[in-house]
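Biologist: I'm new to this one and would like to learn how to read its features. Could you walk me through it?

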Amino acid sequence: ARPAADEAPAERVRLPMREILRDRPLLLCIGAASLVQASNGFLYSYSTLHWTDRGLSTALISMLWAVGVASEVLFFFLAPKVLARVGAQWLILVSAAMTALRWAGLSATTDPAWIAALQLLQCFTLAGNNAAIMWYIARRVPAACKTSAIALYALLSGGVFMFGSIQLGGALYRAYAPGGFLVMALCAACAIPLVLAAEKRAR
C-alpha cells in the first residue's frame with residue numbers, strides 16, 4: 001500500500017551509526033544512561049551473597065528484591081507524565097543521582113529496613129533511566145538511525161560497561177565486600193557530568 005499523502009517517507013541514511021557518532025549530546029546521554037544501567041552489575045552478581053553472609057535469610061532477601069521490582073513497575077506507569085514535566089535529560093540526571101545514593105547507602109548498611117528503603121530507588125535505577133533514554137532517542141534521532149542508537153545503548157549498558165562493572169565490583173568484593181557497592185555508586189555518579197555536558201552542548 002502507498003503511504004498517505006501527509007506521511008513523509010523516512011529519510012534514507014547510508015551509515016546510521018556514523019550519524020549517531022557525530023551527535024555529541026546524544027552520545028553523552030547514551031553514555032550516561034549506560035553507566036547508570038551498568039552500575040547494576042554488582043547488585044545482580046554479588047548482593048545476595050553479601051546479604052547472606054551478613055545473616056539475612058533467603059526469604060527476606062527475596063522480599064527486598066520484590067520491593068525494588070514493585071517500585072520499578074509503578075514508575076513505568078508514571079514515566080510519561082514525569083518525562084513530559086522534567087524532560088529526558090534531567091530524568092537521566094536525577095536517575096544517576098538517586099542510583100548513586102542507593103549504592104552508597106547499600107554499602108553502608110545491611111539493616112533490612114534501610115535496604116528496603118534504598119530498594120525503592122530502583123524506580124530511578126531501571127525504570128526512570130531506561131524510559132528517559134528511550135524517550136530521548138525517540139525524539140532526537142531520525143527514524144533511519146533509531147535502531148542504531150538503541151543498539152549502541154544496549155552494547156554499552158548491557159555489554160561493555162556492565163562487564164567492567166561486574167569485574168571491578170567482584171574484585172573489590174573479595175577484598176572488601178561493601179566496596180562493590182561503592183564502585184557502583186561511582187559508576188552512576190560519573191553519569192552526572194555527562195548529562196550536564198550534553199545539556200551544555202545542546203544549547
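Biologist: Which helices do the buried residues of H3 pack against?

Modeller: Keep in mind that this is a predicted model. The buried residues of H3 pack against H2, H4 (58–86), H5 (88–108), H6 (112–119), H8 (146–175) and H9 (179–189). Among those buried residues are Phe42, Leu43, Tyr46 and Trp51.

Biologist: What span does H3 reach from its first C-alpha to its last?

Modeller: Helix H3 covers residues 41–53 and reaches 19 Å, close to the 18 Å expected for its 13 residues. There is also a kink of about 50 degrees, centred on serine 47. Just after H3 comes glycine 55, with a positive phi of about 95 degrees.

Biologist: Now for a single residue: is glutamine 37 buried or exposed?

Modeller: The cut-off for buried is under 20% relative accessible area. Glutamine 37 has 13% relative accessibility, so it counts as buried. You'll find glutamine 37 in helix H2, residues 24–38. Beyond its neighbours up to four places away in sequence, glutamine 37 touches eight residues you can look for: Tyr44, Thr125, Leu126, Asn129, Asn130, Tyr153, Ser157 and Met162.

Biologist: And which residues have the most contacts inside the largest nonpolar core?

Modeller: The general idea is that nonpolar side chains tend to be buried together in soluble globular proteins. Here the largest nonpolar core has 54 residues, and those with the most contacts inside it are Ile30, Trp51, Ile92, Trp103, Ile133 and Phe181. Take isoleucine 30: leaving aside neighbours within four places in sequence, isoleucine 30 is in contact with Ile133, Ala149, Leu152, Tyr153 and Leu156.

Technical notes:
Residues numbered from 1 in each chain as written. Predicted model: local features only at pLDDT ≥ 70, side-chain atom pairs only at ≥ 80, totals over all residues. Heavy atoms only, no water. Helix = DSSP H or I, 4+ residues; strand = E, 2+ residues; numbered from the N terminus. Buried < 20%, exposed > 50% of the residue type's maximum accessible area, 1.4 Å probe, protein only. Contact = heavy atoms within 4.5 Å. Expected span 1.5 Å × (residues − 1). Bend = angle between axes of the 7 residues up to and from the residue. Core = buried A, V, L, I, M, F, W, Y, C linked by side-chain atoms within 4.5 Å.
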